[in-house]
Amino acid sequence: MIGFENIMIVGMNKEASRKSDVYPSLYDIALELSDSPPEEWEEIFIKIWERKIYSMKRNAYIEENNIIVICKTEDVKDTHLPMLEEAVAATNQSYREYLAKIIQQEKSEAAKATAEENELSTLEKRLKEEK
């Protein structure tokens, strides 16, 4: 799609990672994204993540250009990161489909407006010819 490049996890954001306030034995691990995602992308990601099922799944959410996953540090690389990368890839695909649908709707609305304009122009021309 024009104007959208796939968002990817590019690494850990150490500065944004911290000990969890809610779960003392866990960390809020910030995984940096390649770009700040649009709001609609974030909404799609959350829906996809909520549906994802795997052993040891943890909460994850978007904060600025990071995905925050609440987990043990030793579980990030082998357990959560692959699942988050799958969710990001699925989100990119769904977001592209969303954008394609929006573009199609805009084209359809433009075609309808053009047809209406043509119909009115034809009527105007016929009315002028009758005078």
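In the predicted model, 64% of the contacts in the protein chain between residues at least 6 apart in sequence join residues at least 24 apart. These contacts arise in a chain whose secondary structure comprises two helices and five strands, arranged from the N terminus on in the order β-β-β-α-β-β-α.

The overall dimensions of the protein chain depart from those of a compact globule: for 131 residues such a globule would have a radius of gyration near 14 Å, whereas the value computed for the protein chain is 24 Å. Along the principal axes, the C-alpha trace spans about 85 × 30 × 25 Å. Buried residues account for 30% of the 131 residues, and the accessible surface of the protein chain amounts to about 9,200 Å², with 50% of that area belonging to carbon and sulfur atoms. With regard to charge, 18 positive and 27 negative side chains are present, and the centres of the two sets are separated by 4 Å.

The largest nonpolar core contains 23 residues, of which Trp41, Phe45, Ile67 and Leu84 touch the most other members. Two or more residues are given to this core by each of strand E3 (27-33), H1, E4, E5 and helix H2 (76-130), and the most by H2, which gives six residues. The surroundings of Ile67 were examined further, leaving aside its neighbours within four places in sequence. On this basis, Ile67 is in contact with Ile9, Ile29, Ala30, Leu31 and Leu33, as well as with Phe45, Ala60, Tyr61, Ile62, Leu84 and Val88. Phe45 and Leu84, which appear among these contacts of Ile67, are also among the core residues that touch the most other members.

Positive phi values in residues other than glycine were found at positions that include Met56, with phi near 70 degrees, and Glu64, with phi near 55 degrees. Met56 is placed in the loop between helix H1 (39-51) and strand E4 (60-63), while Glu64 belongs to the loop that lies between E4 and strand E5 (66-71). As for solvent exposure, Met56 counts as partly exposed because its relative accessibility is 44%, a value that falls between the limits of 20% and 50%. Glu64, by contrast, has a relative accessible area of 66% and is therefore exposed, the cut-off for that class being over 50%.

Terms used. Residues numbered from 1 in each chain as written. Predicted model: local features only at pLDDT ≥ 70, side-chain atom pairs only at ≥ 80, totals over all residues. Heavy atoms only, no water. Helix = DSSP H or I, 4+ residues; strand = E, 2+ residues; numbered from the N terminus. Buried < 20%, exposed > 50% of the residue type's maximum accessible area, 1.4 Å probe, protein only. Rg over C-alpha atoms; globule rule 2.2 N^0.38 Å. Contact = heavy atoms within 4.5 Å. Areas by Shrake-Rupley, 256 points an atom, 1.4 Å probe, with all protein chains shown as cover. Lys, Arg positive; Asp, Glu negative; His and termini not counted. Charge placed at Lys NZ, Arg CZ, Asp CG, Glu CD. Core = buried A, V, L, I, M, F, W, Y, C linked by side-chain atoms within 4.5 Å.
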